Amino acid sequence: MKDKLIPPMVIISFIIIFLIFYKGLQETNIYTPKSEIKKDIPIFSSVYFDSKENVNSSEIFNSNKFYLLNIWASWCVPCRQEHSYLMKLSENNKVTLIGLNYKDNFNNAQNFLTKLGNPYETILLDEDGTISIEWGAYGVPETFLIHKNKIVSKYIGPLNEQLINEINSIIK
Amino acid sequence: MKILKTIIIILLLIPKISFADDQLERNKITKNLRCLICQGQSVYDSDSDFANSMKILVDKKLEEGLSENQIYDFFKEKYGEWILYDPTLNKNTYILWLLPILIFLLGGAIIFKKLKFKK
């Protein structure tokens, strides 16, 4: 009796293992961090892009309105793609755009803004990339919508029409 | 004079020893952190922008006096459990930890039973 049970059990086990691996193959193995929704924003100190004066994050995110922190760099191609959307969003006075210039050359970054326009009210420098890590970012571009010192939503990769509509619907 | 020389050499070596300790600690931590943009490489092994920034941040946190576990907690809070190569035992990872032990015990039990029957 016991010996009769062994072959079907072995077959079932193999089927289960096959299904697990097959499902694993279907899933993407590129990891994207979980959205840090409703998390407190990190406290950090940085330097202003223009004046190079030191600044603490609490001086910037100090009111109850919406802030959009955008991590960008002049060398980042997707940042160019999303720039026109940021320019459009900067016309909305319900949100303040803060730029975090990531590991960039000052002249290149300035040329980038002269050519494509400056949507940011304030630009901070992240010369060694550590501030971006404090935010839980893993590359450029990455955007965080902030309200009352909490991250409301996080957008990995370039912004597009659909995401801008989503942001507009949150801040209205 | 010899004693004075020895003392000077020891004093000169102290910062180097503590620097080496810091490096060891940093290497140990970065070997257990996953480089999220290079998949399959630790922060220690990778030379990507992300990994280099992580190394600088680990140094900063060590300078601030954070312990190894506090640094892991800091990164876990930012990026989730995935950032660690050595996941801790919790409700999401208990299968990972317990399944090999269960399989081992089950296999052992089957072999033991078979051997007993043969006797």
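**A walk through chain A**

Start by selecting the whole of chain A: out of its 172 residues, 33% count as buried. Keep in mind as you look around that this is a predicted model.

Now switch to a cartoon view. Chain A shows six helices and eight strands, and following the chain along its sequence you meet them in the pattern α-β-β-β-α-β-α-β-α-β-α-β-β-α. The radius of gyration is 22 Å, well over the 16 Å that the globule rule gives for 172 residues, so chain A is more spread out than a compact globule. Line the view up with the principal axes and the C-alpha atoms fill a box of roughly 85 × 35 × 30 Å.

If you have a contact map to hand, bring it up too. Among contacts in chain A with a separation of 6 or more, 75% come from residues 24 or more positions apart.

Next, pick out the strands. The eight of them make an open sheet with mixed pairing, in the order β1-β8-β7-β4-β5-β6-β2-β3 of chain A. At its edges sit β1 (39-40) and β3 (54-56) of chain A, each paired on one side only.

Zoom in on residues 45-48 and 122-126 of chain A. These are strands β2 and β6, which run antiparallel and are joined by two bridges. Show side chains here and you will find A:Val47 opposite A:Leu125 of β6(A).

For the last stop, select residues 161-171 of chain A, which form helix α6. Helix α6 packs on the sheet, where it touches β4 (66-72), β5 (95-102), β7 (142-147) and β8 (150-156) of chain A. Compare directions: that of α6 makes about 170 degrees with that of β8(A).

Technical notes:
Residues numbered from 1 in each chain as written. Chains lettered and ligands numbered in written order. Predicted model: local features only at pLDDT ≥ 70, side-chain atom pairs only at ≥ 80, totals over all residues. Helix = DSSP H or I, 4+ residues; strand = E, 2+ residues; numbered from the N terminus. Rg over C-alpha atoms; globule rule 2.2 N^0.38 Å. Buried ≥ 20, exposed ≤ 12 C-beta atoms within 10 Å, placed from the backbone. Contact = placed C-beta atoms within 7 Å. Pairing = 2+ DSSP bridges. Axes fitted to C-alpha atoms, helices over the stretch in contact; angles between N-to-C directions.
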